[in-house]
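Me: I am new to this structure and would like to go through it in short questions. Please show it first.

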Amino acid sequence: MAREYETVIGLEVHVELATKTKIFCGCSTEFGGEPNTHTCPVCTGMPGSLPVLNKQVVEYAMAVGLAANCQIHQKCKFDRKNYFYPDNPQNYQISQLYLPICHDGWVEIETEDGKKKVGIHEIHMEEDAGKLIHDDWEDCSLVDYNRSGVPLIEIVSEPDMRSAQEVIAYLDKLRTIIQYLGASDCKLQEGSMRADVNLSVREKGSDTFGTRTEMKNLNSFKAIARAIEGERERQIDLLEDGQAVVQETRRWDDNKECSYPMRSKEDAQDYRYFPDPDLVPVIISDEWIADIKSRQPELRTEKLERYKKEFDIPQYDAEILTSSKKLADIFEASAAICQKPKKVSNWLMGEALRLLKEHNQEPEDLNFSPENLAKLIQLADEGTINNKVAKEVFEKIYSENIDPKQYVEEHGLKSVSDEGALRSVIEEIVAANPQSVEDYKGGKKKAIGFLVGQTMKAMKGKADPGAVNKILQEVLEK
Amino acid sequence: MANIISDETIEYVGILSKLELSDQEKEQAKKDMGRMLDYIDMLNELDTSQVEPMSHVFPVHNVFREDVVVNQDQRDEILVNAPEQKDGQFQVPKTVE
């Protein structure tokens, strides 16, 4: 009989914090600047330069830790992790090994079998490395240190997950918490959230762990799920074949859907950690923790509860709206202005999500003001514009954040509900389509749809469909 | 000398510290390292089980910066330190094959 295997997964998640400056110097963290324009002697590792810790990094790390039910090491410090690689000009990364800022927490995820807690082993603060570009033609590599020194927290889970679904649920949970705290935008594509997957397999029922591998280069939820499936199968094949799994770091190639061992950094995995003498310890008082706690915003679980009580929207919609801080913020602000939460929800759930999908974007990329959505809803409600026009205007709001009122004025998109004007157009349409009129009178009530369509076309889509229907019926019944 | 440094150890330390030593230098380094370890071993004679590890020599803690951008673009000055440069970047030997 075939043996049954269980997958055991733990995650190391790196999150770039949303500070304005780097962790140890006053350089900007802004994404996408010209290479090396956000650098200084500290983040390029010049001899004699001295790092000074950014207080906001400590506060974000604490906020995330507290939201993930962690204990805080009230005396913590930084250590040097030594390695030679040009992405790190100091030849060491400043990180935390011995006394990480947060430890022993958990988050709760939804699984097929109900709720489950995933343990957080620790959260530590560290600096990001520079970016290497490999020049294929000139046999050299080029280094951009803009990202060097950007603050990261690394969230290390316990090996508590058993499937790709659980891993995705865990990542989604972390991402939502961190976005709600404003500690990071957590964009996997841009690398502000990165996950390394530690995976091993064992026979079901066994209580010892198998040999694990670590997989890197996973930049979407889908890639993570595929990599987990791929690595699980690879390890089971090895075991079934009587071979052993080798503990190593592997790089996932999502195009080829397979992983291969990484060569770099592998022959000197001796990091020789020691306390960084350039940085003094961080002592966190009870008052400081209390202060961070008192400033924690409403998190998703609480928001979801409140939405259910406060707004008349379906549970599913409330879940989607609260799944992204950005969506929830737009929803609340817009609903507060127009006082029509249900309509705001419908626009966001329908058109906004459709457009995001079409543009391959995430809710955090939404870039329009809640005022403009509220105004659009007002315009549609008053009958100033019809539904079809409203959708067109929404696309403009979505892409260019235009003021819908002004836009409708300027482009003459107001609905024509002026009886006289509409009636004369309709009479022309009816006269020009005797066949449809005959069908209608002969009992084919559906034929009216064609006539409505023709009228809308003649009015360039700007007629109020309610009025068109009403007048058409009157004309036809004559 | 209580601490004898093996050939393998000196080889390994050489790799970690990116040093290429001649055979003669290796022999000398083995002796030096052995003596250093002997010296450090003296610390083990003390019972420090009740002493909190010291993480910094100065009695100072919580030295912070506020999160305010103070550095402007100084790429040209920074790149002066690069042994070689190209397109505004540090040029290094190729790191992957």
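Reply: One term is needed at the start: two strands pair if DSSP finds at least two bridges between them. The model shown is predicted.

Me: Which residue is the bridge partner of Leu53(A) in S1(B)?
Reply: Strand S2 (residues 53–54) of chain A and S1(B) are joined by two bridges and run in the parallel sense. Within S1(B), the residue bridged to Leu53(A) is Phe64(B).

Me: What is the order of the open sheet of four strands?
Reply: The pairing in this sheet is antiparallel. Its edge strands, which pair on one side only, are strand S9 (131–135) of chain A and strand S2 (85–86) of chain B. The order is S9(A)-S10(A)-S3(B)-S2(B).

Me: Which residue of S10(A) is the bridge partner of His134(A)?
Reply: S9(A) pairs with strand S10 (residues 140–144) of chain A over five bridges, in the antiparallel sense. The partner of His134(A) in S10(A) is Ser141(A).

Me: Which element gives the largest share of the side of chain B that touches chain A?
Reply: The contact involves 35 residues of chain B and 39 residues of chain A. On the chain B side, the elements giving two or more residues are H1, S1, helix H3 (75–79) and strand S3 (89–93) of chain B. The largest share is five residues, and the element that gives them is S3(B).

Me: How many residues on the side of chain B that touches chain A are nonpolar?
Reply: That side of chain B divides into three classes. Charged residues number nine, polar residues 11, and nonpolar residues 15.

Me: In chain B, where is confidence highest?
Reply: For the model, ipTM is 0.86 and pTM is 0.82. Chain B has a mean pLDDT of 91, with 98% of its residues at 70 or more. Confidence in chain B is lowest in helix H1 (residues 7–16), at a mean of 90, and highest, at 98, in strand S1 (residues 64–65).

Me: What is the radius of gyration of chain A?
Reply: The C-alpha atoms of chain A fill a box of roughly 95 × 60 × 55 Å along the principal axes. For a compact globule of 478 residues the radius of gyration would be near 23 Å, but that of chain A is 29 Å.

Me: How far apart are the end C-alpha atoms of helix H10 of chain A?
Reply: Helix H10 (residues 387–400) of chain A has 14 residues, so at 1.5 Å a residue it should span 20 Å. The distance between its end C-alpha atoms agrees with this, at 20 Å.

Me: What covers the buried residues of H10(A)?
Reply: The buried residues of H10(A) are Val389(A), Ala390(A), Val393(A), Phe394(A), Ile397(A) and Tyr398(A). An α-helix has 3.6 residues a turn, so residues three or four places apart point the same way. The cover over the buried residues of H10(A) includes H8, helix H9 (370–382) and helix H11 (404–410) of chain A.

Me: Is Arg272(A) buried or exposed?
Reply: Arg272(A) is in the loop between strand S15 (258–261) and strand S16 (274–275) of chain A. Its phi is positive, near 40°. Because Arg272(A) has 12 C-beta neighbours inside 10 Å, it counts as exposed.

Me: What is the phi of Gln339(A)?
Reply: Gln339(A) is in the loop between helix H7 (325–338) and helix H8 (341–358) of chain A. With 11 C-beta neighbours inside 10 Å, Gln339(A) counts as exposed. Most residues other than glycine have a negative phi. Gln339(A) has a positive phi, near 60°.

Key: Residues are numbered from 1 along each chain as its sequence is written. Chains are lettered from A and ligands numbered from 1 in the order in which they are written. This is a predicted model: local features need pLDDT of at least 70, side-chain atom pairs count only at pLDDT 80 or more; totals for chains, interfaces and linings use all residues. pLDDT is the predictor's confidence in each residue, from 0 to 100. A residue is buried if 20 or more other C-beta atoms lie within 10 Å of its own, exposed if 12 or fewer, and partly exposed in between; C-beta atoms are placed from the backbone. Two residues are in contact if their C-beta atoms, placed from the backbone, lie within 7 Å. Ala, Val, Leu, Ile, Met, Phe, Trp, Tyr, Cys and Pro count as nonpolar, Asp, Glu, Lys and Arg as charged, and the others, Gly among them, as polar. The expected span of a helix is 1.5 Å times one less than its number of residues. The radius of gyration is taken over C-alpha atoms; the globule rule is 2.2 Å times the number of residues to the power 0.38.
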